[in-house]
Amino acid sequence: MSDVSRMGPRRRTLLGLGAAAGAATVLPTTAATAAPAAAARGTAPRPGFAAAFASPGRAVRPKFRWWWPDGLVDPAELAREVDQIAEAGFGGVEIAAVTHSLSEPIDAERYGWGTAAWVAGLESALRQAGRRGLTVDVTIGPAWPAAVPTVTPDSEAAASELAHGLNTFQGSYAGPVPPPVVPAAEGVTARRLLWVQAARIGAAAAAPAPLQLDRDSVTDLTALVRCGALQWTAPDDGQWALISYWERGSGQRPEGPAHTSPLAYVVDHFSAAGTRAVTDFWERRILTRRVRELLRRAGGALFEDSLEIETDATLWTPGLADEFERRIGHPLLPYLAAVIEKDEKYVFAFDAATNKAVRRDYMQVVTDLYLEHHLLPLRDWAHSLGLALRVQPYGLETDAIHSASLLDIPEGESLGFKNLDDFRCLAGGRDMGGGRVLSNEAGATAGGAYATTWDATLRKLVTQYCAGVNQAVLHGFGYATAPGAAWPGFAAFSPYHGGPGYGEAWGPRTPAWRHASDVAGYLGRIQGVLQSGTHRVDVAVLRQKGYAGSGLGAPWFTPDGVPLGWTHTFLSPRSLGLPSAVVRGGRLAPDGPAYKVLVLEGDVMIGREHTLELDTARRLIELAEDGLPMIVVGDWSDGHVPGLPHEGDDERLRALITRLLAVPGVRRVADRPDIPAALADLGIEPDVAYAARSPLLHAHRAARDVAYHFFANGSATAAVDHEVAIAAPWAKATPYALDAWTGEVAPLAVHRDDGGRVTLRITLAPGATALVALARGAGPLHALSTDAESARIADGVLEVLDTRPGARETVLSDGRKVVARIGELPAPLTLDRWSLRVADWRPGRTPDRHVTVDHRLDLDALAAWPDLPGLEDVSGVGRYRATVRLGRGWTGATGARLELGEVFDTYRVTVNGTALGPVDQVTGVVDLGGLLRRGENTIEVEVATTLLNRLRTVRPAEFGAAKRQRYGLIGPVRLVPYGRAVVPADGAAD
């Protein structure tokens with residue numbers, strides 16, 4: 001049987017139950033016919049969450065990264081742009097000084113970041129945002145990483161590095177201490193010799209690096225240095241390396257052209273002095289009494305971008321060697337050569353086991369210092385200002401999972417992250433730390449400036465929502481203009497290296513902005529749901545290292561479990577020491593993610609080696625003995641500790657693993673494919689189970705009296721059409737369908753309760769989404785199954801809908817079988833003839849203005865604009881108009897769906913002068929309900945585009961090589977009638 005949603009090239013986002021005779025789908029509620037007394041009715045009180053869902057508050061709506069050309073901004077223009085963002089329905093901004101695109105410098109002394117002009121702009125933006133109810137986040141420095149102009153490269157607070165010098169010799173050495181191999185960065189004038197070592201070069205050494213060294217031969221020669229030189233005789237005639245270690249500033253500057261005068265330099269993120277330099281600058285230069293007050297009212301956050309600490313030498317901070325010995329229990333100096341880098345590649349190496357151990361311990365210490373000296377003090381300082389702290393806590397091989405647990409708002413990014421598991425790493429940390437929001441730097445696309453569509457952005461973003469994300473900070477909204485900026489205005493990354501650049505500059509400069517409020521409402525409703533209650537997850541996957549951004553997935557669950565309905569996130573060993581890490585009722589963190597099972601395998605960062613910290617093993621035993629089910633993957637008889645071991649550590653670990661495996665709720669499996677058998681043996685099932693392997697993704701949020709389930713079709717090409725079974729948290733639970741585009745909430749018309757699970761059918765086009773809420777308590781009379789194509793409950797009345805006439809049998813939830821009849825229906829119509837009026841956008845008098853030129857065409861067949869004469873290089877807004885004459889077959893019981901086919905990019909629909917509300921921008925299918933009438937009808941479709949096609953001609957140097965985009969209403973467009981009939985209460989109806 002064909003589903004009505006399959007009648008065109010795109011499919012409507014629908015929900016429902018697959019009955020034995022065919023698939024039923026729930027339609028959006030439209031104007032319903034009056035229900036006779038004998039109709040199947042049931043009370044359906046409006047659920048308490050419906051109002052908040054329909055009109056989500058500003059705090060949960062998506063935001064924009066607002067690019068400023070440092071402080072060269074006009075307060076009146078800032079206020080105007082705040083108004084533009086507010087009127088489009090977005091919730092806030094993040095003020096960011098990012099100027100990669102500038103072709104002319106800004107006078108940094110007058111208009112740089114942190115100057116009086118910048119502070120005045122900040123005050124103006126905060127004041128207007130307060131009037132409009134927007135939240136305001138502010139980056140803690142210009143661009144990234146965090147930097148201030150009050151440090152020099154030689155300052156104690158500046159980012160530092162460890163540079164090495166090298167000479168090789170045989171027998172004896174007499175001469176100067178080798179100078180650094182890597183030249184100092186510009187502005188670095190000071191250096192300090194810390195140590196000099198000699199080490200025998202291994203027999204297996206060969207070019208290129210790393211140079212193999214004999215670990216036992218490492219000799220400290222520092223005490224022999226006199227006036228910059230030394231003399232030493234080796235104990236044998238082998239080849240030896242003389243290595244010097246120099247501490248100096250790295251000279252790293254924040255990204256982009258000069259933001260300040262004097263120049264700002266990146267601060268040391270691993271010392272108290274570095275963080276104090278940032279907070280002191282804010283306290284002395286930025287936080288006037290008025291700015292403090294406005295920031296507190298704004299209720300926003302301080303933001304720091306990803307941890308991109310860059311050096312051609314070795315990452316360092318003063319005192320690191322002492323901290324290493326204090327925290328690890330081994331001195332660093334005998335192993336120091338193993339962590340030395342040049343151009344991000346290791347220079348020296350010992351044996352493989354030692355290399356891995358010392359490098360792991362080294363990054364453990366770096367993580368500790370980052371948390372203790374940067375993240376936590378910065379968080380506490382932000383709180384003192386009434387602000388949250390939002391950070392992208394990755395970029396180095398630090399424990400980003402644990403960092404996410406300590407932050408108010410951790411953030412990932414759609415451009416830099418490789419897949420959904422990178423987001424799941426941060427989500428695991430957030431959930432274990434008791435956080436509510438996981439943010440996403442969303443929408444950035446390499447080479448996508450002025451070519452990124454809302455359609456593509458939404459398709460990517462909704463899958464990330466299923467990985468724990470629930471806040472989008474869209475990349476980005478550009479300030480109107482800047483020195484050297486060409487039409488359509490200033491954008492942070494466009495142009496970039498002679499090409500289009502990164503990301504989209506959204507806003508009134510793009511034609512599709514006229515429809516942006518529809519998108520803002522859609523995302524705001526989804527985010528409002530996903531910020532409600534707590535994130536519930538089936539499986540915790542323990543990672544020995546808490547990196548984010550590796551792209552490495554979960555054993556079995558990523559490739560095989562997710563397509564069946566399983567959900568997972570990742571924990572690091574530090575997660576198990578958080579206050580939430582308790583077990584109750586067999587669940588880990590029962591008041592948070594409530595994991596049902598923990599999975600442990602070898603360290604995926606180093607070839608799945610069976611390595612584990614002793615304290616982590618002891619903690620796993622405690623959790624297992626408290627009743628947490630676990631699955632251990634692989635043969636751990638070769639288990640060993642991950643860092644530099646103390647005597648007997650490996651044996652102690654293997655004994656602990658033996659104890660762990662002996663706990664009744666722990667299962668060991670030989671390899672990943674055996675995980676499903678262990679889950680079955682433990683009696684563990686997912687909260688949501690799919691009837692078939694599927695590209696469907698989902699996220700689960702549990703609130704007091706409602707459980708939300710968000711679904712997204714993660715495929716770019718394949719539709720979803722199958723049953724899902726959702727675990728009901730209460731004996732009586734009523735499912736509701738939530739339409740994120742319109743805000744409508746309606747009881748789910750077709751579903752069944754299968755012993756504690758609510759079973760329904762999900763039918764989704766590629767990239768489309770659906771929201772289901774299970775509310776506590778019994779709901780209205782509904783259908784268990786129907787052979788109609790779809791059904792709905794409107795005003796308490798159960799209706800069936802179908803594109804075919806005839807009798808339709810429905811089994812009601814009280815067990816009765818009833819029949820409703822669909823009357824004769826007109827045949828579907830293909831709409832070929834359209835009049836088209838295009839407002840062609842072209843450069844205006846200033847870079848931030850445009851003018852329009854009108855084009856009018858009468859079309860006998862739809863085609864993309866580049867295929868229509870005169871529209872080849874046009875960008876703008878097109879208004880399509882078709883007149884349709886409908887005959888006697890159109891009655892009060894006849895509705896219709898408008899299937900638009902291919903549309904580029906955003907669109908709105910008007911029927912007989914009535915503008916429809918927001919319509920699904922992904923599926924291209926619009927339910928017209930009863931708006932059509934017998935006789936003449938007018939259908940109008942307004943389509944808005946990107947700016948790429950016009951920019952190809954206006955700025956050919958940057959955009960000319962790009963391929964034209966296929967703008968417009970391309971179709972085929974079909975009008976598909978459907979009939980509806982009230983389901984009777986007495987067994988039959990005509």
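1. Angles of 65 to 115 degrees between axes count as roughly perpendicular. In this predicted model, the axes of helix 7 (residues 320-328) and helix 8 (residues 352-384) cross at roughly 105°, so the two helices are roughly perpendicular to each other. Their axes come within 10 Å.

2. The residues behind that crossing can be listed from both sides. Helix 7 contributes Leu320, Glu323, Phe324, Arg327 and Ile328. Helix 8 meets them with Val358, Asp361, Tyr362, Val365, Val366, Asp368, Leu369 and Glu372. Sorted by class, the contact of helix 7 with helix 8 has eight nonpolar and five charged residues, and no polar ones.

3. One open sheet has six strands in the order 26-35-36-42-38-39, with antiparallel pairing. Its edges are strand 26 (534-536) and strand 39 (745-747); each has a single partner strand, so one side of each is left without a neighbour in the sheet. From one strand to the next, the twist averages 30°.

4. At one edge of this sheet, strand 26 pairs with strand 35 (residues 696-702) over three bridges, in the antiparallel sense. Within this pairing, Thr534 is opposite Ala702 of strand 35. Helix 12 (residues 516-530) packs on the sheet and touches strand 35, strand 36 (706-713), strand 38 (733-738) and strand 42 (769-776). The direction of helix 12 makes about 40° with that of strand 42.

5. Strand 31 (residues 597-600) is a separate case to look at. In a regular strand, side chains alternate between the two faces of the sheet. For strand 31 both faces are covered: Val597 and Val599 are buried on one side, and Leu598 and Leu600 are buried on the other.

6. Which strands pair with strand 31 in the parallel sense? Strand 27 (residues 539-542) does so over four bridges, with Ala540 having Leu598 as its bridge partner in strand 31. Strand 32 (residues 630-633) also pairs with strand 31 in the parallel sense, over three bridges. There, Leu600 stands opposite Val632 of strand 32.

7. A further open sheet of six strands has the order 50-49-51-57-54-55, again with antiparallel pairing. Strand 50 (850-859) and strand 55 (914-915) are at the edges with a single partner strand each, so one side of each is left without a neighbour in the sheet. Strand 49 (residues 834-843) runs antiparallel to strand 51 (residues 876-886), and six bridges join them. Asp840 has Gly876 as its bridge partner in strand 51.

8. Ala839 lies in strand 49 and counts as buried, at 12% relative accessibility; the cut-off for buried is under 20%. Not counting residues up to four places away in sequence, Ala839 touches Thr852, Val853, Asp854, Ser875, Gly876 and Val877. Ala839 and Gly546 are 293 residues apart in sequence, and their C-alpha atoms are 52 Å apart in space.

9. Arg980 has its place in strand 59 (residues 974-982). Is this residue, Arg980, buried or exposed? With a relative accessible area of 9%, Arg980 is buried. The C-alpha atoms of Arg980 and Ile822 are separated by 6.1 Å, although the two are 158 residues apart along the chain.

10. Leu78 lies in helix 2 (residues 75-87) and counts as buried at 0% relative accessibility. Leaving aside its neighbours within four places in sequence, the contacts of Leu78 are Trp66, Trp68, Val73, Gly121, Ser124 and Tyr479. Ala125 is 47 residues from Leu78 along the chain, with 5.8 Å between their C-alpha atoms.

11. How many disulfides does the count come to? The count is zero. Cys425 is in no disulfide, and the nearest cysteine sulfur, that of Cys466, is 17 Å away. Seen from Cys466, the closest cysteine sulfur is in Cys425, and that 17 Å is too far for a bond; a disulfide needs the sulfur atoms within 2.5 Å. Both cysteines are buried: Cys425 at 1% relative accessibility, and Cys466 with a relative accessible area of 7%.

Conventions: Residues are numbered from 1 along each chain as its sequence is written. This is a predicted model: local features need pLDDT of at least 70, side-chain atom pairs count only at pLDDT 80 or more; totals for chains, interfaces and linings use all residues. Side-chain values use heavy atoms; hydrogens and water are left out. Axes are lines fitted to C-alpha atoms, for helices over the stretch in contact, and angles run from 0 to 180 degrees between N-to-C directions. Angles under 35 degrees count as roughly parallel, over 145 as roughly antiparallel, 65 to 115 as roughly perpendicular and the rest as oblique. Contact means heavy atoms within 4.5 Å. Ala, Val, Leu, Ile, Met, Phe, Trp, Tyr, Cys and Pro count as nonpolar, Asp, Glu, Lys and Arg as charged, and the others, Gly among them, as polar. Two strands pair if DSSP finds at least two bridges between them. Buried means under 20% relative accessible area, exposed over 50%, partly exposed in between (1.4 Å probe, protein chains only).
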